[in-house]
Every structure is written in structure tokens, then in C-alpha cells.
Amino acid sequence: MSNITDNGENSEDIVDVLQYQEELELDDEEIEEITHNQEQNKTVLYITITLQPETELKYTRAYLCLKKVREFGKIFKTVPNEANLKEENFDRSFRAILISQEIIDILPLKQNLGSIAAVDSVEIVVFNMRELSENLDANSQESKGKKNNIMAVQNVKVSIKHLDNLMNLTGELLITKIRLDKIAQQRHINELNETLNLINRITFDLQDEVLQMRMIPVSHIFDRFPRMVRDLTKSLGKLIDFSMEGREIELDRTIIDEIGDPIVHLLRNSVDHGIEKPDIRITKGKNRIASLKLRAYRERNFVIIEIADDGKGIDFDKIKQKALKRNLITSEEADQMTDYDLKRLLLGGGISTADKISEISGRGVGLGVVKQKIESIGGIIDVDSKLEKGTTFLLKLPLTVAIIKSLLVSLGSGRDMEIYAIPINNVVRTIVIHESEIRTIKNKEVITIMGKIVSIVRLRKLVSYEDKSNEDQTLKNVKMKTIIVIERNGMEVGLMVDSLIGQQEIVIKSLGGLLKAINGVSGGAILGDGKVALIIDVGSLF
């Protein structure tokens, strides 16, 4: 057994697993099974996770950690066991034994666990480190062949159609479960509550398994880019060192299908008019070989894809002048524009950073299309650029677009009540204010929150909600107003609603047909009582 340092190297020699028998509460059968896995050349990890002092919802944190561990293999055992974890019968630390068919890169696992909220420290010990050699002897080759036969039996191909159907069925099961929860709350049936606790756990685990089945590595699209960059580099007479990181990071296949074209556009932009030719770079004191990086990494419930170059950067003053020339902004607006406003202007489309149009790029519409595509799957695009230093585009993408946690809000009351869902990832806080706190600046309603001026959007106006009864009119005239503060790209907006309902997981359904044109709405969801909730398009609030 060996401890692993941050650089993934062994710091001690391998020792016997029996050394940890008492600590991990291992019986003879468990010892025998671990030994058998070692003989089968599998990787066995002993992971200790310690939460921060006074952490609330300890089981929720533990579940998130174990979910992350399962992405690397099978959990053989936890200490304490799952029942005690659910009852939060542990102090701050819990342990897990992980068994994997593959060689595991320890550092990413440690970083991913460390990024989970409330995790204080992560320690990983390896029970056996497998060493690979290109010059395997005949016996090891034979052993390797047998292992591949075993793995071939353990994996089967499943069509995308079946995965989609399974996801839809899981979504329907989730909707039915929520309906049963409501019935149990209304009827106060103890036996039903006990059964529902089991159904909740099974549904949660099934949902997690289905989502994992839909995940595929970004290498599915990344691997086609080196040749594209190489061909462009050659045709443009440039020298570029193109590198990729995070090919193993996984995303829902639906998102993978949508992000290929946006990444292609951003890479072509960098190669064409972001990066200079070698002779120009030399005159600027730069290395004649430019750097272009494509990187993917996890950040909480998102995957970040980064496209970065060390080229000439974006001249935002030039962007401003082009916008003035095309009457996209006024002189007064140009004088008051912040860096954030300039980024929005660039990403809005219609303005090119190129001096001339080419077959590769320079028409000025591409970034607008990229932004629209990324936001259509619930993602965010941002740009950071410094003159003569380079440009970095960031695509912040959700792990999946099938099932999300949301905050349910309502307009109206009684039979005429309309329910709307807001993705919880965008919600910063909820507040209740008196109507007298709302001010008007330049024909826009604003409030002050913690010394910061925040614009207000009334959900009634956004979705063109109509008053349908005297009861609704009374609700409309209530002086105390509920505000949902929503954040996107570092900017906050307050959404005014009539009332809060609570948090709930929802299955996203496409509106389809004529309903796609509804202003401020990106989709729908069926709730436990059979009602339909419309999902707020967060981008439309900004």
C-alpha cells in the first residue's frame, strides 16, 4: 500500500491491506475479496473524506462525495455504512474503498472531491499500484487478453434511442413520485410515508444511474480538433502549439452534440485573426510559436470549456467604434459603457474583430450564434481579453439538460394560478420588500440590495400575464413584494413574483410548435399534481 502525494507519485512502499483491517472494519471475507481484486490487477483505493466543522446536511455532502467517487469505479464498502451515513451517525470523517478496472489518476479525483462544498480534506491511499510496460512478456500478454475478454462481457452497447426512452421513463417515475409525496402529506398515512422513503431512495439512485449512462467524455468531439487546427495553421502560414486538457471530462450526450460547432468557431477565430504570424510575433517580443489551448474541467455542477490563445487580444475600443458606426449604440451610451457592456456588445453578434472578411472568419455574426447556441442548452459564455496578451473564451455548461433542480414560483391564485420554474443554479437569494422601496431610474425599476443597485423585472409583464378575477386583482395590489435575485455572468436581476412555492426537481419537456415563441419561457415541466410549470428563460431577464 502506498500514500499518494499531490503529484501522484508513491511516497511509501506497498504494504499489506491487513494493516488497515481494524480501521476499515474488514472481516475475513472482505479481506479475501480485496486480495482477489488485487490479483485480478484492479486498482483498489482507500479514501478518507473529512467535512468542515459544524457542517449541516452531512449526509447530503457525503452522498455528493460518494457519487463523485462512483464515477471512477465501484464502491466496495463505506465506513460508516450507508444506513449510518443517512442517519448522520458520524462525526466529520467517513471512509470508502473504491475498486476500479482502470488505472486511476489520483490528482483529478482528489481535486474533484475537494471542490465539493463543505469538504475540508481528502486523503487517498492506494492498496496496489499497477505498472504498465510496453514490453510485456508472453504470460502478461496472455493475462491481459483474458482480462479484455472479461471486460468485453461486462459491457454492452445500448442505442441512443433506448437511452432517451429510459430517461423519459425515469422522468415520468419522478413525476409520479412527487405526486405520491403530495398525497402522503395530505392524507397523513404513516405506512405510505415509510414506503415512500424507500421509493425516494430507489428513484434517486435510478435517476443518478440513468444520468451516468448518458454521460460521454468530451474527447468525443475534442479529438477532431487537432487536425483542423493543423490544417488551418498550415494554410495561414502560422506556427501554433495546440494543446488539449481534460479529454476525460464527461457531459450529457445532448450537450456534447450541441457544443461542437461553437468550439469550432472559437478555435477558427483564434487561429485566423487572434494569433499573429511568426514575423509579427517576433517584432512584438513574443515567441514565434503561438500557444492555443483547449481545456475542460469540472466546477461544482458545471463543466467549463476554455479556449485560450496568446495572440493580439481584442481591441474593445475598436469594437465600440464599429458599433457607433453601425448605429448600434449612441455616443452617450458609448461613453458610459463598462467592460461588461463591451463584452455583451461583442457577444451579441453583428460586430467582427477582424480587419477583413475571410473564408474562415470575420463576418461578425458567429459569436452571436455561438452565444445563442450555448444559452439554448442552459450554458453561459464569457470572454476575457487583454491587448497583446491574448484572449480566453469560457463556456460554462450544465452537466445535463434532462432533469434539474428548480425554484417554483406562481402568479395569480386559485384556479387561475400559473406556476413557473427557475433553475436553482441561477438563484442567489429571495427577499421580500415593500413596494415603496422600488425606484425608477431611466425608466427602469430598481431596488438596492446590500448597497448594490439591482434592476427589477416583473414576471407578470415578462409573460404578459392577464388579470382574470377580483381575487387576482387583490393579490396584485399587495404592498409587500417577493423578489427572486438571479445571477448570470456576474450580473444580478430581481424577478418579482406573486408567491414562492418551494424547491423541486423537474423533468424538462420541450414546448414544441407554436409554444416555442413564448416570451421569457424556455420549456415546460409536469408537476406532481398534474399541472404544467413553464421554465423561465433566465437569459431573457438580462
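How much area does the protein chain expose, and what share of it do carbon and sulfur atoms supply? The exposed area is about 30100 Å², and carbon and sulfur atoms supply 48% of it. The model is predicted.

**Overall make-up**

The protein chain has 542 residues, of which 43% count as buried. Its secondary structure comes to 17 helices and 23 strands. Among contacts in the chain with a separation of 6 or more, 68% are between residues 24 or more positions apart.

**A charged patch and helix H1**

Asp27, Asp28, Glu29, Glu32 and Glu33 form a negative surface patch. One of these residues, Glu32, lies in helix H1, which covers residues 28–39. Glu32 counts as exposed because its relative accessibility is 58%, and the cut-off for exposed is over 50%.

**Helix H15 and its cover**

Helix H15 spans residues 366–376, and its buried residues are Gly366, Leu367, Gly368, Val370 and Ile374. In an α-helix, residues three or four places apart point the same way, because there are 3.6 residues a turn. The cover over the buried residues of H15 includes two helices, H10 and H14, and two strands, S11 and S12. The table gives their residue ranges.

| Element covering H15 | Residues |
|---|---|
| Helix H10 | 253–274 |
| Helix H14 | 339–347 |
| Strand S11 | 380–386 |
| Strand S12 | 390–398 |

After H15 comes Gly378, which has a positive phi, near 80°.

Methods: Residues are numbered from 1 along each chain as its sequence is written. This is a predicted model: local features need pLDDT of at least 70, side-chain atom pairs count only at pLDDT 80 or more; totals for chains, interfaces and linings use all residues. Side-chain values use heavy atoms; hydrogens and water are left out. Helices (H or I, at least four residues) and strands (E, at least two) are DSSP runs, numbered from the N terminus. Buried means under 20% relative accessible area, exposed over 50%, partly exposed in between (1.4 Å probe, protein chains only). Contact means heavy atoms within 4.5 Å. Accessible areas come from the Shrake-Rupley method with a 1.4 Å probe; for residues, only the protein chains shown count as cover. Patches are made of residues with over 30% relative accessible area and no salt bridge: like charges are joined within 9 Å, nonpolar side chains (Val, Leu, Ile, Met, Phe, Trp, Tyr) within 5 Å. A salt bridge is a side-chain nitrogen of Lys or Arg within 4 Å of a carboxyl oxygen of Asp or Glu. Lys and Arg count as positive and Asp and Glu as negative; His and the chain ends are not counted. The place of a charge is taken as NZ of Lys, CZ of Arg, CG of Asp or CD of Glu.
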